[in-house]
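Load the model in the viewer and colour it by chain. The stops below each give a selection and what is found there.

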Amino acid sequence: MMKRLILFLCSLCALCLSASAYDGGIKAKVVARQGRAPIAGAVVSLYSGQDLLSSQKTGAEGDFLFPDLKDGAYTLEVEADDYNSTRINVVVEQGLIRDLMFVTLSPARVRTEDVDASSFAEFDLDDSGYSDAPTILYGANDVYTDVVGYGFSAIRFKNRGYNSESQDVYLAGVPMNDAITGYSPYSLWSGLNEAMRAKDTSIGLEGSDWGNGRYNGMTNITALPSAVRPGWRFSVLSNSALYRLRLMATYASGELDNGWSYAVNASARLGGNDWVEGVYYRSFALYAGVGKRINDEHKISLMAFATPGQRGAQNASTQEVYDLMGDNMYNSNWGYQNGKVRNSRVRKTFEPVVALRYDYTPSDEFSAGATILYRCGYNGYTALDWYDAMDPRPDYYRNLPSYYYLEDEDYNRSNPEKAEWAKYAWTNHSKEFANYQHLNWDRLYNVNYNNPNGRSKYALEERRVDQRDLNLALNLKWLPTEAFNLKAGANFKVNRTENYKLLNDLLGGQYYLNIDSFAERDFASNEALVQNDLDYFLANGKAESITQGGKYGYDYLAQIRRANLWANGTYRKGGFVATLAGTVGYEAFWRDGLVRKGLFAGLDDNGKEIVYEGRTLTSYDDNGKVITSKGKSELSSFLTYSAKLGLAYELIGGHRFSANIGYFNDAPTFNQAFISARTRNTLVDGLTTVKTTSADVNYQFTNGGYSLRLTGFYTGIKDQSDVMSFYDDSQQSFTNFAMTGIDQRHLGLEFGVKVPLFVQGLSLSAVLSLGEYVYTSNPNMVQTIDNSAEVIRSESVPYWKSHPVYKVASYTDEGAAIYDQDAAGNYIVESEKKHYVPSTPQLASAIELNYRTNDYWFFELGGQYFAHSYLDMNPLYRTHLACGGGDGVETPAEVEYMAAQEEFNPAFVLNCSVGKSWQIQRKYYLGFSLEVNNMLNNRNIKTGGYEQTRLISSYGKDRYYRFDPKYFYMQGANYMLNIYFRF
Amino acid sequence: MGKTLKYTLLSSLLCLSAFSCTSIKEEFQPVFSGNENPPHQQVVTMTPTHTIAELASLYKTGSPWKIDKNIVISGIVSTTDQPGNFYKSFYIQDETGGMEIKIGKNGLYNDYLPGQRIYVDCRELCLGMYGYKSGTAYGNGMVQIGFSDPTGEYETSYLESSLLIDSHVFKGEIGPEVEPVVVPESSLPASTATQATSHYVGKLVTVKNLTYGWYDTRYKEQNEAFALLYLNSNQNKKLSSNRIFISGAGTGINTWAMSKEKMAEYLYSGVWDEVSIGNANDYNYGKVGDYRNVDAQGKVSYPGIEKAAASVSHYFSTPNGTCIQVRTSGFSKFADKAIPESVLNGSAKVEVTGILALYQGKIQMVVNDISDIKVVE
């Protein structure tokens, strides 16, 4: 926009003749790019060549006027707090006052000049059981997003309670959300903060130039080489929360006179951290881009980037384990090998992305562009695999004292002496007991050494999800008048993702046998049924021996095709803005099994049943359809669409009122569509689109350093589905659980305010997010035995959205409740206790004191308070089965115990930061920032976790007890120091 | 400005080097990717204080003994849980007898190899018997090493806790697997025997000349196979209403045991429809056939009867009519292997190699694998 303006002015300049009048001038209004809010107090400096002629501050409406100028060329420099400064060349001619109308400033994306500490965290959340996404990206000049976007990442705050997959992330105009899961794929460019810094962000229901988005904001990362900040830049970062060291170097040319632009960004992230043993980074990142502008109309950019490397992951454990270890940061994933720490769960990725972008700008009224983007490479995640050998995990429940003894006799765990032995092994933290508290790699190797023929009983598998993702995005922008503009586009995606296991490490053995140890639990005596690759078995008479690097276990393709057309139009009149947006799309997916599994042999290539040693392996479902693992599944296809309406009204003085409403009909994702994609082609019954209705109303105020936003929102999401697989003790089997019709409602307020205080440079910010995110339906569930596809239960999950609280008549001497009954003997329900959307505080607030000096020091001190965060629920505990126990009789005590949802304790966190930058010889800039988070070193803040699905049968087998849930905790006090140098 | 800059740089460098002091290499190579195999574990040598027979002689019927003396026994591992017929424990044997060590973990053959010498430091462990039943028709079970069971349900419990195991059960040299010895019929142990009185008890032995089926002269009935099933294993297994005893002759069971799949096959065939539900003195819960349901498509089901793997004891007789049960787990890999017709109809005899055990005074042979049962035509 700015460049076009400059070009326009330059061309005027060429036409102009010098004149000698002195009554000319320049006037304009300085406004923010987004929302065109006036910027008061911006400093406007007028230069003629290198000489500063005059300087003034803009008025309340952002207006300024330089009168009494003689004809000639001038340069304006406009600077304002929180905005990127800009320079404009202006020609005054014929003694007229040039009215530039608007000078727009884009918001500074970092909190203080050149501190990239904040953007550090947005891309670097580790994957300790979470999706790799920041809470929200930096928005426009918005206090709320500024504080929340970075400051709430440690608590795993989810904006408005939404899942990460509802956040639309585009790169160079291409929707990048994962085709299989919908997750926003930040890990693709983590470590490339500089190259990916330029972006357009909208929040909530707002749309953008690149697409209509949905209800949880939309971000387009520009990624073009010409958008990378020009110059050299080097930084060294050290922190104690994730990894020790990050080194980063960037060079960008900016757009050169000859139209070329180049940019390179490289980084390395290395080392461990102070809190979680075994978690480490050895990640590298490289971005290279080249662009060429051809005669103002055409611009071609080519970018490629990748982030090869590996990261050690963290695991959740039960509170019992944390207490035994005296450490809520205990990580059960690692152990000693040869006396050195080795992590069993390592994410190994190399997923290069190449994009070619073409921009066509024939006129100021019309522009269009196209991007082709291709993503490939591999994404692996290692884990221990074992066959017919002891569970090697140190925190396996049978290794814990609670497995041997619990005070409540009804648990039937009654050997206190054995519990003492287990406790002794966990609580003695000298080296000789390390093998009881951590993985014992040396033992795993020795088991393999000793097995006849070199067969490995323990191995390290690598679960691979290898994507081939080809995208085409087209977009156009038409601005026929000041009052009306139209943006439209189309996106196409072809995704082929191979899911399989690789044998990463045989741990001292020679080979691993390709059989299914879970199937063997049920079918030990039927050799064909336990085969992972039945075709190999039938051809060779034995199971395949897998060597290092071999594929085994499962192997299937997820095939996804997606097309979307979108358009949005904006109409402005006076302070009134209306936007209407619509999207229509088609999505199809299917599974393509590449191996034949013994359990679900299906029909052979000639359509005949498969028989082995007199037993028919081919099996059928209740509808008489063959259950098959190999070949193509049925195709699932969905028509998707969405519509949005936005209205805004801007008043003079910096007030803005807006309201948005939208309806979305989205396809379910592949990973929620198959009952057990690992093993078979069976689709979830009743799969349908997810329907979302969302609305928000906003009030914004920006003036004189004050900034405020208040938003109220409502979102109703209907017909979500979910699948999971777990061991069900009541079935003594590994089972699949498919849930459909999961509805939830998100209702809440967002508030952010920034107030300048009495000392210049001092300001106070406060934010509040207060919501109620609840489940509003009892979904349907179908439970099947993983080994046979037999449907064992198909009903609703009765205590999913809430559970009853029964009326208590009195208490026994031991404190147990005696429940009141009505005349008919029924228990009396007093109220229903709601169940909440988990893993995010429903009340999150922060207050921050911010001080920056004229010589580029800044200081920040902030306090955060979080409450009403809930534990993720497993559906099994909300069924009649689990609440009824072995005798099938549900009592109030059982329901209130089994169906309840845990609420985490509220948490208070104190953070501070300090930074400074220096200019050296007017050419070099050196700066640092230091942050200390969680200064009070609070190590008892739960950030998430999950319930196990296991059940303990009571002594009399009349009721079930739960296994303890597993938690993740926020790290204690940690620092981050960043030093940078640029020129 | 210069000063501030200097201090900042200096303090940041100090910060960086503070942790670097420990070891830069460790900081940036915090974990190890496993390219170096760990050494082979060292084996131990200990001096046993007692033979297995000597230890067994310290057991008094009905009184599990929490061992409070320094007793070390030693023996060679004679069993394997690999084919799944032994589960969570193994036997060791010396010249005087064999004894089960109730470890309580699965996949034991990976850590305690057949043929490996094992030392058991018995202090703190518990010596007890499993399978004793009083009465003239019954007798001893097996003296075992386990841990105390405060519930009193069994005389011993499994060791289970890793530290408990590792501080009492030690691994010695790995040698050749145990060679079975042939037991002449005359040397078969009496119902009152233990390792202390018969050096065959608990050892890997071969018994020859066995004919299928055993006639119980006391109750005057032919016994061929025995299995105990539960209607619902999530409910109390001791309730009579939850139990189905398949026993006697004509049980229809012609496999060594039954996997879940095979059990369902037997059930659906209707061969057990006439079997009563409940304990022998309490047949008040109807018959298996009462649960039979046939839908419109002719599909048979037995809702309410759980499909689950089940262990089976098959009865054999020595030439002189001594009962030898061959007991096989439903979870073993050979559970569904058919017993040859020639064996079932008595035209062929078998030769069984396994652990010679006593259960309620009767001899039970527990084989390691199906190859330990040889058919002699």
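**Stop 1: a bridge and its sheet**

Select A:Val44 and A:Val78: the two are bridge partners, the latter in strand 5 of chain A. This model is a predicted one. Widen the selection to residues 43-48 and 72-79 of chain A, which are strand 2 and strand 5; they pair in the antiparallel sense over 5 bridges.

Next add the rest of the sheet. It is open, has 4 strands in the order 3-2-5-6 (chain A), and its pairing is antiparallel. Strand 3 (51-57) and strand 6 (86-92) of chain A are the edge strands, each pairing on one side only. On average, neighbouring strands of this sheet are turned by 25 degrees against each other, direction ignored.

**Stop 2: where the chains touch**

Select the contact between the chains, with 58 residues from chain A and 47 residues from chain B. On the chain A side, elements that give two or more residues include strand 14 (260-271), helix 6 (416-427), helix 8 (441-450) and strand 49 (907-920). Helix 8 of chain A gives the largest share of that side, 7 residues. Coloured by class, the side of chain A that touches chain B shows 23 nonpolar, 21 polar and 14 charged residues.

**Stop 3: chain B**

Hide chain A. Chain B has 6 helices and 22 strands. Its radius of gyration is 27 Å, well over the 21 Å that the globule rule gives for 377 residues, so chain B is more spread out than a compact globule. Along the principal axes, the C-alpha atoms of chain B fill a box of roughly 105 × 65 × 40 Å. Of the 377 residues in chain B, 44% are buried.

Terms used:
Residues are numbered from 1 along each chain as its sequence is written. Chains are lettered from A and ligands numbered from 1 in the order in which they are written. This is a predicted model: local features need pLDDT of at least 70, side-chain atom pairs count only at pLDDT 80 or more; totals for chains, interfaces and linings use all residues. Two residues are in contact if their C-beta atoms, placed from the backbone, lie within 7 Å. Ala, Val, Leu, Ile, Met, Phe, Trp, Tyr, Cys and Pro count as nonpolar, Asp, Glu, Lys and Arg as charged, and the others, Gly among them, as polar. The radius of gyration is taken over C-alpha atoms; the globule rule is 2.2 Å times the number of residues to the power 0.38. A residue is buried if 20 or more other C-beta atoms lie within 10 Å of its own, exposed if 12 or fewer, and partly exposed in between; C-beta atoms are placed from the backbone. Two strands pair if DSSP finds at least two bridges between them. Axes are lines fitted to C-alpha atoms, for helices over the stretch in contact, and angles run from 0 to 180 degrees between N-to-C directions.
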